[in-house]
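Hello,

Here is the structure I promised to pass on to you. Have a look at it first, and then read on for what turned up.

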Amino acid sequence: MTQTLNPIQDEIKIETTQAEERISVASSWQLMWWRFKRHRLAVFSGIVLIVLYIVVLFPDFFATYDPEETDAKLAFIPMQSIHFFDNGSFHIWSPGVVGKRNPVTLKMEWKIEEGKKIPIRFFAKGYIYKIFGVFPADLHLMGIESEIDQVYLLGTDRLGRDQWSRLMLGTRTSMTVGLIAVAMSVVLGVILGGISGYFGGMPDLIIQRVIELLQSLPTIPIWLAMTAAVPQDWRPEQVFFAITIILAFIGWTTLGREVRGRFLSLREEDFVLAAELAGCSRWRIITHHMVPAFMSHIIASSTLAIPVMIINETSLSFLGLGIRPPAISWGVLLQEAQNIQTIALAPWLLLPGVLVIISVLAFNLVGDGLRDAADPYSH
């Protein structure tokens with residue numbers, strides 16, 4: 001029995017030694033990745049975010065119709081489902097719908113047209129768009145073979161516009177605003193927080209008073225005041241840029257305080273003193289020595305800040321203070337569901353809110369996973 005167990009024990013010891021050697025020579029980024037992979041919910045949420053950002057890069061490819069094309073006769077068509085089998089054989093199709101006006105209420109009522117099956121094919125040609133605004137293309141993920149029939153996966157709104165296509169374009173705007181705003185706020189927070197914590201004195205006093213002033217101001221009135229200052233005749237691109245600047249200007253203060261605290265502790269460390277004695281400039285000490293020491297914390301904090309920016313943009317656009325039509329964002333799409341009558345007629349107009357919830361939860365779970373992975377004392 002002893003002779004049987006010894007080879008097994010030796011093999012376990014060898015594997016343990018190899019694992020310890022890998023850990024001892026691994027970089028902090030590798031250790032962070034290994035700890036992050038153990039957080040399965042965070043990994044799944046990361047996959048969800050990757051899918052959303054693929055949509056951000058190619059929204060027109062995933063759209064089925066021109067999101068700006070209107071037809072009042074097609075208003076409030078309900079969602080149409082997709083079927084992959086027909087009489088036991090593989091065939092992608094969607095049931096047709098037919099509208100009939102109610103003689104009493106004069107409301108158009110849509111019902112499934114019995115026996116009508118609209119074929120659907122993948123990688124079909126449709127309306128022409130530009131990839132990254134430069135390269136023209138007409139290939140779409142889904143399309144129909146018939147030019148007479150139409151399929152609306154998520155229904156239509158009051159103007160007959162395809163809700164699925166508008167949701168794809170809205171995903172690009174809302175997810176991009178959050179990402180760019182957080183990137184700008186991270187730059188402001190690291191630079192100003194680093195100056196405050198490293199130099200101290202008068203720069204620290206001024207920056208901290210500015211942070212206290214911004215944090216003491218009520219958020220909603222500030223949004224109202226700053227967005228009211230945006231001219232009404234600005235193009236959607238200009239409004240997008242202005243909203244991003246506003247969100248970044250308000251959102252950098254928390255990270256600035258955190259960076260200041262870390263700099264106050266790091267500036268007394270031996271490696272910082274060694275860099276100063278070696279003749280490194282203060283800018284190089286900050287950017288090449290102090291900031292990389294807690295870069296993982298900055299990434300985790302940024303990931304948790306993006307959903308806040310997304311909610312802020314959605315709220316502003318929903319109230320008509322942020323991005324305005326003809327631009328498309330999740331908040332602009334939710335404007336269509338502001339009254340009870342519309343919700344009763346077309347509950348599918350609330351689906352952008354579901355996408356907001358999914359993206360915010362995914363960012364929070366990824367942020368939690370990164371924060372745990374970045375903690376050197378976590379197991």
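**Pockets, packed helices and two backbone details**

In the largest pocket, α12 is the element that contributes most to the lining, with twelve residues. Please keep in mind that this is a predicted model.

That pocket has a volume of about 960 Å³. Its lining counts 43 residues, and L255, E258, H297, S301 and S302 are the closest to the centre. Besides α12 (295-318), two or more lining residues each come from α2 (28-37), α5, α6, α7 (219-228), α8 (236-251), α9 (253-266) and α15 (351-374). By class, the lining divides into 27 nonpolar, twelve polar and four charged residues.

S301 is a good residue to click on here. It belongs to helix α12, and it is among the residues closest to the centre of the largest pocket. Leaving aside residues up to four places away in sequence, S301 touches L255 and E258, and both of these are also listed among the closest to the pocket centre. The C-alpha atom of S301 is separated by 9.2 Å from that of V186, although the two residues are 115 apart along the chain.

Now for the second largest pocket, which has a volume of about 430 Å³. Here 14 residues form the lining, and R172, T173, E237, F240 and A327 lie nearest the centre. Two elements, α5 and α8, give two or more residues to this lining. The largest share is that of α5, with five residues. Sorted by class, the lining of the second largest pocket holds nine nonpolar, two polar and three charged residues.

Helix α5 turns up in the linings of the largest pocket and the second largest pocket, and its packing is worth a look too. How do α5 and α6 pack against each other? Helix α5 spans residues 163-199 and helix α6 spans residues 201-216; their axes are 7 Å apart, at an angle of about 140°. The pair is therefore oblique, and the crossing is left-handed. On the α5 side the contact involves L192, I195, S196 and F199, which meet G201, P203, D204, I207 and Q208 of α6. Five of these contact residues are nonpolar, three are polar and one is charged.

The other packing partner to show you is α15. The axes of α5 and α15 cross at roughly 35° and come within 11 Å. This crossing is right-handed. From α5 the contact takes in Q163, L167, T171 and M175, and from α15 it takes in P352, L355, S359 and F363. By class there are five nonpolar and three polar residues, with no charged residue in the contact of α5 with α15.

Finally, two backbone details to check when you go through the loops. Which residues does the cis peptide bond join? They are P325 and P326, with omega at about 10°. P326 sits in the loop between α12 and α13 (330-334). The other detail is F76, a residue other than glycine with a positive phi, near 60°. You will find F76 in the loop between α4 (59-62) and β1 (83-86).

Happy browsing, and best wishes!

Notes. Residues numbered from 1 in each chain as written. Predicted model: local features only at pLDDT ≥ 70, side-chain atom pairs only at ≥ 80, totals over all residues. Heavy atoms only, no water. Axes fitted to C-alpha atoms, helices over the stretch in contact; angles between N-to-C directions. Helix = DSSP H or I, 4+ residues; strand = E, 2+ residues; numbered from the N terminus. Parallel < 35°, antiparallel > 145°, perpendicular 65-115°, else oblique. Left-handed = near helix turned anticlockwise from the far one by under 90°. Contact = heavy atoms within 4.5 Å. Nonpolar A, V, L, I, M, F, W, Y, C, P; charged D, E, K, R; others polar. 1 Å grid on protein atoms, 1.4 Å probe; cavity = no way out; pocket = protein on both sides within 12 Å on 5 of 7 lines; lining within 4 Å. Points joined across faces, edges and corners; volume = space filled by probe spheres on them.
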